[in-house]
Amino acid sequence: MAYNIDFSVTTSDQIEAALCKRLESIRLARNINQVQPAEEAGVSPRTIGRLEKGQGVSMDTFIRIMMALRIQQNLEA
């Protein structure tokens, strides 16, 4: 799925929503349910659901979920 977002003109809420949708897309593309990354990240599946809906989670939780999905190397960008 392509994301055409001009980060220079969007709000922080829009950027957060876009990043969260990207995590959801990655999870779904890998055919992983919410329970698996939640357990590995040490959060509840409900937290994964909140993140994917763009309802806000801490930066720590966001990073732990990225690590559970094995995409933490993308933080370098």
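In this predicted model, R70 lies in the segment after helix 4. The phi of R70 is near 60 degrees, a positive value in a residue other than glycine. Most residues other than glycine have a negative phi, so a positive value is worth a moment's attention. N31 shows a positive phi too, of about 55 degrees, although N31 is not a glycine. This residue sits in the loop between helix 1 and helix 2. With a relative accessible area of 70%, N31 is exposed, the cut-off for that term being over 50%.

From these two residues, the view can widen to the chain as a whole. The secondary structure of the protein chain comes to 4 helices and 0 strands, and read along the sequence it follows the pattern α-α-α-α. Along the principal axes, the C-alpha atoms fill a box of roughly 35 × 20 × 20 Å. For 77 residues, a compact globule would have a radius of gyration near 11 Å, and the 12 Å of the protein chain agrees with that. Of the 77 residues, 27% are buried. Among contacts with a separation of 6 or more, 45% join residues 24 or more positions apart.

Helix 4 gives a good picture of how the helices meet. In this helix, T61, F62, I65, M66 and A68 are buried. Seen down the axis of helix 4, these buried residues fall within an arc of 160 degrees, so they line one face of the helix. An α-helix has 3.6 residues a turn, so residues three or four places apart point the same way. The partners of the buried residues of helix 4 are helix 1, helix 2 (35–41) and helix 3 (45–52), against which they pack.

One residue of helix 3 offers a closer look at such packing. T47 has its place in helix 3 and is buried, with a relative accessible area of 12%; the cut-off for a buried residue is under 20%. Leaving aside neighbours within four places in sequence, T47 is in contact with V57 and T61. T61 is also one of the buried residues of helix 4.

The model also holds some open space. The largest pocket contains about 160 Å³ of space. Its lining is made up of L19, R22, L23, I26, F62, M66, I71, N74 and L75. The elements that give two or more residues to this lining are helix 1 (12–29) and helix 4 (59–68), and helix 1 gives the most, with 4 residues. By class, the lining of the largest pocket has 7 nonpolar, 1 polar and 1 charged residues. F62 and M66, both part of this lining, are among the buried residues of helix 4.

Enclosed space was searched for as well, and the whole structure has 1 cavity of 30 Å³ or more. About 40 Å³ of space lies in the largest cavity. The residues lining the largest cavity are L23, E24, R27, P37, I48, L51, E52, I65 and L69. Here, the elements that give two or more residues are helix 1 and helix 3. The lining of the largest cavity divides into 6 nonpolar, no polar and 3 charged residues. L23 appears in the lining of the largest cavity and also in that of the largest pocket. I65, another residue of the cavity lining, is buried in helix 4.

Terms used:
Residues numbered from 1 in each chain as written. Predicted model: local features only at pLDDT ≥ 70, side-chain atom pairs only at ≥ 80, totals over all residues. Heavy atoms only, no water. 1 Å grid on protein atoms, 1.4 Å probe; cavity = no way out; pocket = protein on both sides within 12 Å on 5 of 7 lines; lining within 4 Å. Points joined across faces, edges and corners; volume = space filled by probe spheres on them. Nonpolar A, V, L, I, M, F, W, Y, C, P; charged D, E, K, R; others polar. Buried < 20%, exposed > 50% of the residue type's maximum accessible area, 1.4 Å probe, protein only. Arc of directions from axis to C-beta. Contact = heavy atoms within 4.5 Å. Rg over C-alpha atoms; globule rule 2.2 N^0.38 Å.
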